[in-house]
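Please open the model in your viewer and keep the sequence panel beside it, since each stop on this tour begins with something to select.

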Amino acid sequence: MGPNGIVAATTVAKSPPDGHTLFAVAAFTITMNEYLYKDVPYDPLADFTHIHLVGTFPTVLAVSASSPITSVAQLIEMAKAKPGEVTYGSGGNGTMNHLTGQVLARAAGVQLTHIPYRGSAPAMNDLMGGQIVALMESLPTAIGYFTSGRMRPLAVSEDQRSSSLPDVPTFREAGFAGVVTTNWFGFTATADIPRDLVLRWESETGTALQSAQVKEAFAKIGVRPGTLGASGYTDLIRGELARWKEVIAAGNIRAD
């Protein structure tokens, strides 16, 4: 994949426009990379045909099960009392989880020190081992740690609660109305593929996402099936590009 999916995205962007090469693309690869890295070799809109949103899921703010922190408010009060000392981990620089932490810090008017890891597993291990105070992690990755009681979820980043964590508030409910982010992934192909192939992929993906089998599998890991076809999915990406450009610039965030 390369850093943040750049290699995979570049490969798809340069593929023949025959509809035979699809990319299961993550949000940060398409909507954040051009602001995080120098000389990203693809345009997130012009070089692709975005076919269908496949799934969405929240980032979850979590602490270890042994932590005395039981709410977002307590974490923010600690950050106010100890500027720069409250750390949160994520699976890497420039990911949705990293940037959700920055959105929270801005909304709360505090400094949260980001600790980037090479993937989620070492970040979760360090959280449970007490090396970091908190963690921003994707629900599908962390859900097993929540159900087993090894980590404590404090809030989810979407604008509604997750059915997988019905007792965990959204950031909005926790008092931080501006903290609304959604992790997502979708199917994308290179630009200029034939219109009939776009329609076929769009239709068959939409049908599959409505199947009981897919819904059941997604529900187990806290993912909602996507409902946006090509037009809506492309509009989502366009809006996310504008949003994350501002967040990344405001935080002077670089991944390289």
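Begin by selecting Ser163, which is exposed because its relative accessible area is 69%, over the 50% that the term requires. In this predicted model, Ser163 belongs to the loop that runs between strand S7 (151-156) and strand S8 (183-190). If you add Val223 to the selection and ask for the distance between the two C-alpha atoms, you should find a separation of 9.4 Å, although Ser163 and Val223 are 60 residues apart along the chain.

From the loop, follow the chain into S8 and colour the strand by burial: S8 is mostly covered, with six of its eight residues buried. Now bring in strand S1 (residues 22-26), which runs antiparallel to S8 and is joined to it by five bridges; to see one of these pairs, select Ala26, whose bridge partner in S8 is Phe185. Strand S2 (residues 48-57) also runs antiparallel to S8, here through eight bridges, and the pair to display is His52 of S2 with Phe187 of S8.

Next, select the open sheet of five strands, whose order is S5-S4-S6-S3-S7 and whose pairing is mixed. Its edges are strand S5 (113-116) and S7, each of which pairs on one side only, and the twist from one strand to the next averages 30°. Within this sheet, strand S4 (residues 87-90) and strand S6 (residues 134-138) pair in the parallel sense over two bridges, and selecting Tyr88 will lead you to Ala134, its bridge partner in S6.

With Tyr88 still on display, which residues does Asn97 touch, apart from those up to four places away in sequence? Tyr88 is one of them, and the others are Thr59, Ser90, Met136, Glu137, Ser138 and Asn183. Asn97 itself is found in helix H5 (residues 96-108), and it counts as buried because its relative accessible area is 6%, under the 20% limit.

Turn now to the helix that lies across the sheet strands: H7 crosses strand S3 (59-64), S6 and S7, and runs at about 120° to S6. Add its neighbour, and you will see that helix H6 (residues 120-129) and helix H7 (residues 139-147) pack at an angle of about 30°, with their axes 11 Å apart; the crossing of H6 past H7 is right-handed. To inspect the contact, show the side chains of Ser120, Met124 and Met128 on H6 together with Thr141, Ala142 and Tyr145 on H7. By class, this contact has four nonpolar, two polar and no charged residues.

For the last stop, hide the ribbons and look at the nonpolar interior. In soluble globular proteins, nonpolar side chains tend to be buried together. The largest nonpolar core here has 49 residues, of which Leu61, Val72, Leu104 and Phe171 touch the most other members. Centre the view on Val72 and, leaving aside its neighbours within four places in sequence, display its contacts, which are Leu61, Leu104, Leu154, Ala155, Phe171, Ala174 and Phe176. A second, separate core of 17 residues is worth colouring on its own, and among its members are Ala62, Ala123, Ile143 and Met151.

Methods:
Residues are numbered from 1 along each chain as its sequence is written. This is a predicted model: local features need pLDDT of at least 70, side-chain atom pairs count only at pLDDT 80 or more; totals for chains, interfaces and linings use all residues. Side-chain values use heavy atoms; hydrogens and water are left out. A nonpolar core is a set of buried Ala, Val, Leu, Ile, Met, Phe, Trp, Tyr and Cys residues joined through side-chain atoms within 4.5 Å. Buried means under 20% relative accessible area, exposed over 50%, partly exposed in between (1.4 Å probe, protein chains only). Contact means heavy atoms within 4.5 Å. Helices (H or I, at least four residues) and strands (E, at least two) are DSSP runs, numbered from the N terminus. Axes are lines fitted to C-alpha atoms, for helices over the stretch in contact, and angles run from 0 to 180 degrees between N-to-C directions. A crossing is left-handed if the near helix is turned anticlockwise from the far one by less than a right angle, and right-handed if clockwise. Ala, Val, Leu, Ile, Met, Phe, Trp, Tyr, Cys and Pro count as nonpolar, Asp, Glu, Lys and Arg as charged, and the others, Gly among them, as polar. Two strands pair if DSSP finds at least two bridges between them.
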